[in-house]
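Get your viewer ready and keep the selection box handy. We'll go stop by stop, picking something and seeing what is there.

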There are 2 protein chains.
Amino acid sequence: MCFVNAGRAPRLSDDVARQLEQWIAEQQLQPGDQLPTEKVLCERFGVSRAVVREAVSRLKADGCVRTRQGSGAYVAARPGLGVFRLVQTDGDPLASLPPGLSDVFELRYLMETGVTALAARRRTDEDVAHMRDALARMRAALDSGADGAADDDAFHVAVATATHNPQLERFQQFMGQQLSSSRTPTWSAVGHRAGWARHAQEGHERIFAAIVAGDVEAARKAAAEHLVGAARRLGLDPARWPALDAAEGRA
Amino acid sequence: MCFVNAGRAPRLSDDVARQLEQWIAEQQLQPGDQLPTEKVLCERFGVSRAVVREAVSRLKADGCVRTRQGSGAYVAARPGLGVFRLVQTDGDPLASLPPGLSDVFELRYLMETGVTALAARRRTDEDVAHMRDALARMRAALDSGADGAADDDAFHVAVATATHNPQLERFQQFMGQQLSSSRTPTWSAVGHRAGWARHAQEGHERIFAAIVAGDVEAARKAAAEHLVGAARRLGLDPARWPALDAAEGRA
DNA sequence: AGCATCGCAGTTGTCTGACAACTTTGCCTG
DNA sequence: CAGGCAAAGTTGTCAGACAACTGCGATGCT
């Protein structure tokens, strides 16, 4: 475990991928424009075709290049916009509470309040059953002092599933993964003692009740309050989030 | 331009990448766990090392696998959740109105209504100036019958910038890129003639006015109406979108 | 025995050449 | 002039080899 190469390793293919991406940006190629052939790229970068293919493969995975066998490679999107990432890749993914968490949480807030409202409209009996299951598991975790983080995530995904929109469901899963570390403190020993887990559970039950009742605005409000609570538990400042106007106005 | 391969093309490496990703999920491998060697994967999938390397390369770009020369490949995150993408890679990026656009548009709706509301709270004079510029360019395009799609995108990005949340701004850019083809018809010759461009412009100006006034709920309502209009122009069915309750209720 | 060093097997990274699958182009024929 | 067909060009896949690097055990020295 001595990893000489850890840290800085200018993998050749990485280098070519970066240069190629930069070249696309410099040339201001538009989506649909054709890239040079692999042979040309080999000569230009002075590497073998395997390296070029690996570099192009990465750009393909990033969504900014598409290839068609027999035809060529084409720009599919402006560099960096083919996929959406939250964390900057240079950061440590294991780091808890990364800087800028507040911004990420705000993104989650905007999306999840809408998703919850939509779920209240479209939930089926099956959706309700899944939410009820996750809720029961969290209740059990709460009573026994166990870790209910996974069930917490499952509940929020179940809510997204109830929208019957696969894009929303996948986005919720994505956010859940990215924010997994932020859910840990709530269900830690400290979280149990401080009442964070109980507080979160009450929020979940309010969300659940509103969705079951099919009350769109109540669901939005419950989600908003739950997320504001979660943000406060993380030491963030959820002040000035929209849609709390109505909620706070009514209160 | 006959693209026999358009539509269904189970590229071998794509297939392997998907199966490998699924396998990781089934085995419930945790971050840090080691993957089988390339040789083993070659035998298991019955393909050459080039294909395996291309598949792994894709997972690397997705952020769920890391490789170390001389050591092996390791899981870095739960599969499929390192990045967020909208379009399934088997679709043709040039195809307008891809299937499932309705779901994508709904995602945009939920996000952008919130973003617009937030922008109304946080916009600075500089933000307003940028929005005004984009608006003016669109007005010019409208009068001259030109293509204002790029300025359309710039306006929506300027709104997102006004939230002063870089994550929201990047998400807006991402969505704008992904939905670029859906903006085309509005600014086409047909769109000009049918009054779509003018209608869109009126929506933009209502959004702008609400943001300038700092009226959070009016901004949300204006964005909602604008997006519903855009969806209708694309032949989608924006019925049963939340937050229209309030808007329609007041109307 | 303890320890440092060395070397070897295993793995990923890169190179080379070849063929298969597919697309595009342009000529050629009817 | 339309349609078909062949050839060239491009990406996808295969196979083998070597380079660079890691991990670990063996070896030899103190």
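Let's begin with a puzzle: why does Leu234(A) count as partly exposed? Select Leu234(A) and look around: this residue has 19 C-beta neighbours inside 10 Å, so it counts as partly exposed. For the cut-offs, a residue is buried if 20 or more other C-beta atoms lie within 10 Å of its own, exposed if 12 or fewer, and partly exposed in between, with C-beta atoms placed from the backbone.

Before moving on, a word on what you have open: this is a predicted model, where local features need pLDDT of at least 70, side-chain atom pairs count only at pLDDT 80 or more, and totals for chains, interfaces and linings use all residues. Residues are numbered from 1 along each chain as its sequence is written, while chains are lettered from A and ligands numbered from 1 in the order in which they are written.

Still on Leu234(A)? You'll find it in the loop between helix H11 (216–233) and helix H12 (244–250) of chain A. Now add Ser182(A): it is 52 residues away along the chain, but the two C-alpha atoms are separated by 7.4 Å.

Next, colour chain A by secondary structure. You should find 12 helices and two strands; these are DSSP runs (helices are H or I, at least four residues; strands are E, at least two), numbered from the N terminus. Of the 251 residues in chain A, 42% are buried.

Now select residues 12–26 of chain A, which is helix H1. At 1.5 Å a residue, its 15 residues should span 21 Å (the expected span is 1.5 Å times one less than the number of residues), and the end C-alpha atoms are indeed 21 Å apart. Highlight Ser13(A), Val16(A), Ala17(A) and Leu20(A), which are buried. Seen down the axis of H1(A), the buried residues fall within an arc of 100 degrees, so they line one face of the helix; the arc is that of the directions from the helix axis to the C-beta atoms. Gln22(A) and Glu26(A), on the other side, are exposed.

What do the buried residues of H1(A) pack against? Show helix H2 (38–45) and helix H3 (49–61) of chain A, and there are the partners. Contact here means C-beta atoms, placed from the backbone, within 7 Å.

Last stop: select Ile211(A). Not counting residues up to four places away in sequence, Ile211(A) touches several residues, including Ala119(A), Met131(A), Val159(A) and Ala219(A).

Key
Two residues are in contact if their C-beta atoms, placed from the backbone, lie within 7 Å.
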